[in-house]
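Trainee: I'm new to this structure and would like a close look at one part of it. Could you take me through the helices that pack together in chain A and the spaces they line?

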Amino acid sequence: MSATPDEITDLFTGELSATVRRMGDGPVAGGAPPEELVQAREAVWEMLGDLGLLHRVTDGTETPQELVEIAELMGRSLYRSLYQDTAAAAELIAAHGTAPAHRGLLDAIADGSAAVALAPRSAGTDDPAVPGALRLSDASGVLRVSGSRRFVPAAHEAELLLVVGTVPDGIALALVPADEPGVTLRRQYEISRGDFHAVELTEVPVLGGRLLTTPAQAVTAWRRTVARTRVRQAASLTGLAQGALDLAVERVKQRAQFDQPLARHQTVAFTLAALSARITAVRVLVEETAHTLVQRPDDELAACQSLFLAAELARDCAAQSLHLHGAHGMTEDADIQLFFRRAAVEALLWGTPAQLRASAADLL
Amino acid sequence: MSTDTASTPRGTAADGDHWFTPEQHAFRRQVREFFAEDRVRKAVDALAEHAPREESGLLDVYRWLGERGWLAAAWPREYGGLGLSPVEAGIVLEEMILHGVPEDQHVLSIDTVGQFLLEVGTPEQRDRHLPPLARGEQIATVLFSEPHCGSDLAALRTAAVPDGDGWRLSGRKIYNQKSQFAEWALCAARTTDGPVKYHGITLFLVPLRSPGIVISPVWSMGDERFNEIVIEDVRLTRDHIVGGIDQGWDLLNDMLLLERTGMDFQAKLRRWLDSTIADARRTGRIREPAYAQRLVDLDARLEAGRALAWRMVRARAEGRADPVASAAAKWFVTQQSDELVRFGSEVTGLDGLLSGWDAEALDLGRPESVYRQSPAHTLASGTSEVMLHIIAASGLELFS
Ligand SMILES: Cc1cc2nc3c(=O)[nH]c(=O)nc-3n(C[C@H](O)[C@H](O)[C@H](O)COP(=O)(O)OP(=O)(O)OC[C@H]3O[C@@H](n4cnc5c(N)ncnc54)[C@H](O)[C@@H]3O)c2cc1C
């Protein structure tokens, strides 16, 4: 039984899903995405707010099953938004934010009027579990933050950035309004043609005048957030794998070579069947991990393992499904190449499989 | 990483490839000296600085290679070559790719169309077409695939209908590359209808700048566009036929099977792997077992792929080419491509996925471009499944 409202399932798997897929794909030659795509994204975001998805995150009623299903649906249609980041930030704020500004922010997140982008990486090689360095200062009694961040998703659409950084006594969790004068954004151009930004922070005042929690306590808090975010990401990648497989299944039924549909050639059919079996297995592992983390929020091993298996799966599904499309799969008209390019980035975002395996090995 | 560093094939620096003669080692050194010349390095660097999708047509480097007779080193002198063996030609191709020179034009114009003409073209066709190709002054492309058939090429529908002493050619060809820069293309078309689809196919050398031919781009996620070519009623004569009427299918099989050495693919993958290893050194990741072990593994597989590709070249030089081993070489080498780009991106991290549009892109965005291009290898020049079919059918005789 699905725990997800039908409207959400329809949005990400129904007729609109082809539009949603293209929504996250920017122009080929750099530059900003066309206005209609931006508007379509805003409309979908509003719909998610109206359906109360983030409300369930802020008030802690989102179940593990919902967490996984929603992330998977979003991954399956390549939906690109600040949903995952905002959900992760909301959980942290709900658990630790004591300033009035933090409580106000939670309300705004719940009704969809505030989105948060997570900013833990100071370089593309960083594992977000080990955030980049950050400088804090409190001249004239105002707490300020300075540093560089890379691969901050949709920073231009975020009301706030949750800047996460390593400081001498632990980890700083600093919320900053994205429109502060000390914040400068530059769009980054990468293989998935998404909306990542490089962010420079120069003496930016921290929301509410304080960090979300003390740097010492934030070490555990961030570790747990990373574990939960890895599960969301693993679910999203499982969805991406499924979305790629769906396209390949459709294609091989339609395309005939050697006088019969490609689907009738056993090597083709078995390749897709094997991918489907892997998706089933990884999906179950991810669901189990989401449940486990409720009881054992420090079970980083399960989160790492779920994520690297899902990351490998997503890249395999995208590459093999593209291959089965033939040369057509490489053309701009073919949606499968969106999956291929997107999988490249999403598979690395919350730790590369090599980093995750190394972390998992330490925990085994 | 820098664009002007070339990979050194294992052993060649120390003349370690045991099968080369001293003359061939000396030839490789000469070729490397050429690629180290200032003007050549600058021209190659300028290519690397192209924005993504800014595609090159005729290249100066090709002309310079052509001036020395190296672009088609194995062709007779009268056609612009040096009359050397396929081994020397292989050395040029390998070095070219290791030094970052795009090889598509070479593979299409010299190794495919030119080679067809050399082996089965008429003396007039050779005289007319081979010298400008060997000088790097013209490009010739390949029009085989059609919208409804790629793997099953014999199902092609482009037809040449008899018309007096010639034919009228009509049809649609797709996924060919570089045709926007080319004068001539080798086109497979049906000349005789019959119950067996493999019979009745003829190869024509088609003038692309003819009325009746419309070339349109089909944009690819790679940096090089595909073309769709609509051919309507283009008049051809006997002079345009390559290798005999209705002989196309046998020629295609014989020639393509023999030409497939895996050399171009292995050199390309070697260059990528070496730049990944260089990056792992720069970031210190080479010392972490998680990275080192996979890199060593990929290195070993590419060494095997290179050895295999060179075996194929030498076999060709000795006139005993082996289609099954050639298919194995193409399959084995290109099979590494996906893992290589993926693992490469784990070494470079997200930075390696920044495109050439980004000011902070690693190596001018080359790793990202290579990633986008990677699915091409198991599709172009015969898909992996077509290679496996050859091995299964002819090598293991599983279907007999
Ligand atoms: C970079 C690039 C450059 C190219 N350049 C040229 C060019 O210059 N000129 C030209 O004419 N063409 C060119 N092509 C086209 C190329 O020849 C075709 O892509 C190739 O022949 C496969 O055909 P297809 O793309 O139509 O795929 P399809 O034949 O539709 O096959 C789709 C997939 O199904 C698999 N498949 C097919 N049949 C079977 C089977 N019986 N059993 C198992 N699997 C099967 C294929 O391997 C493939 O993965 C190029 C392609 C690429 C990617």
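Mentor: What follows is a walk from one helix pair to the next, with the spaces they line along the way. Keep in mind that this is a predicted model.

Let's begin with H8 and H11 of chain A. Their axes come within 10 Å and cross at roughly 160 degrees. Anything over 145 degrees counts as roughly antiparallel, so that is the label H8(A) and H11(A) get. The crossing of these two is left-handed. On the H8(A) side, the residues in contact are Gln233(A), Leu237(A), Leu240(A), Gly243(A), Ala244(A) and Leu247(A). Across from them, H11(A) offers Ile336(A), Phe339(A), Arg342(A), Ala343(A), Glu346(A), Ala347(A) and Leu349(A). Sort the contact by class and you get 9 nonpolar, 2 polar and 2 charged residues.

Hold on to three of those names, Gln233(A), Arg342(A) and Glu346(A), as we turn to the cavities. Searching the whole structure turns up 9 cavities of 30 Å³ or more. The largest cavity holds about 360 Å³ of space. It has 26 lining residues, and here the three names come back: Gln233(A), Arg342(A) and Glu346(A) are among those nearest the centre, together with Ser81(A) and Gln84(A). So which elements of chain A supply at least two residues each to this lining? They are H5, H6, H8 and H11, the last of these spanning 336-349. H8(A) gives the most, with 5 residues. As for the character of the wall, the lining of the largest cavity splits into 13 nonpolar, 6 polar and 7 charged residues.

Now for an open space, the second largest pocket, with a volume of about 500 Å³. This pocket is lined by 26 residues, and Glu91(A), Leu92(A), Ala95(A), Arg224(A) and Arg228(A) are the closest to its centre. Some familiar helices turn up again: H5, H6 (83-96) and H8 (215-254) of chain A each give two or more residues to the pocket lining, as do H4 (53-58) and H9. Its lining divides into 12 nonpolar, 8 polar and 6 charged residues.

Two of the helices in that list, H5 and H9 of chain A, also pack against each other. H5(A) runs over residues 64-76 and H9(A) over residues 266-295, and their axes come within 8 Å and cross at roughly 140 degrees. That angle makes H5(A) oblique to H9(A). H5(A) passes H9(A) in a right-handed crossing, whereas the crossing of H8(A) and H11(A) is left-handed. From H5(A), the contact takes in Pro64(A), Gln65(A), Val68(A) and Glu72(A). They meet Arg283(A), Val286(A), Glu287(A), Ala290(A), His291(A) and Val294(A) of H9(A). By class, this contact has 5 nonpolar, 2 polar and 3 charged residues.

To put the part back together: H8(A) meets H11(A) through residues that include Gln233(A) and Arg342(A), and those two are also among the residues nearest the centre of the largest cavity. H5(A), for its part, meets H9(A), and H5 and H9 of chain A both give residues to the lining of the second largest pocket. If you follow H8(A) in the viewer, you'll find it in the lining of the largest cavity and in that of the second largest pocket.

Technical notes: Residues are numbered from 1 along each chain as its sequence is written. Chains are lettered from A and ligands numbered from 1 in the order in which they are written. This is a predicted model: local features need pLDDT of at least 70, side-chain atom pairs count only at pLDDT 80 or more; totals for chains, interfaces and linings use all residues. Side-chain values use heavy atoms; hydrogens and water are left out. Axes are lines fitted to C-alpha atoms, for helices over the stretch in contact, and angles run from 0 to 180 degrees between N-to-C directions. Helices (H or I, at least four residues) and strands (E, at least two) are DSSP runs, numbered from the N terminus. Angles under 35 degrees count as roughly parallel, over 145 as roughly antiparallel, 65 to 115 as roughly perpendicular and the rest as oblique. A crossing is left-handed if the near helix is turned anticlockwise from the far one by less than a right angle, and right-handed if clockwise. Contact means heavy atoms within 4.5 Å. Ala, Val, Leu, Ile, Met, Phe, Trp, Tyr, Cys and Pro count as nonpolar, Asp, Glu, Lys and Arg as charged, and the others, Gly among them, as polar. On a 1 Å grid over the protein atoms alone, a cavity is a set of points where a 1.4 Å probe fits but cannot get out, and a pocket is an open set with protein on both sides within 12 Å along at least five of seven lines; lining residues have an atom within 4 Å of a point. Grid points are joined across faces, edges and corners, and a volume is the space filled by probe spheres set on the points.
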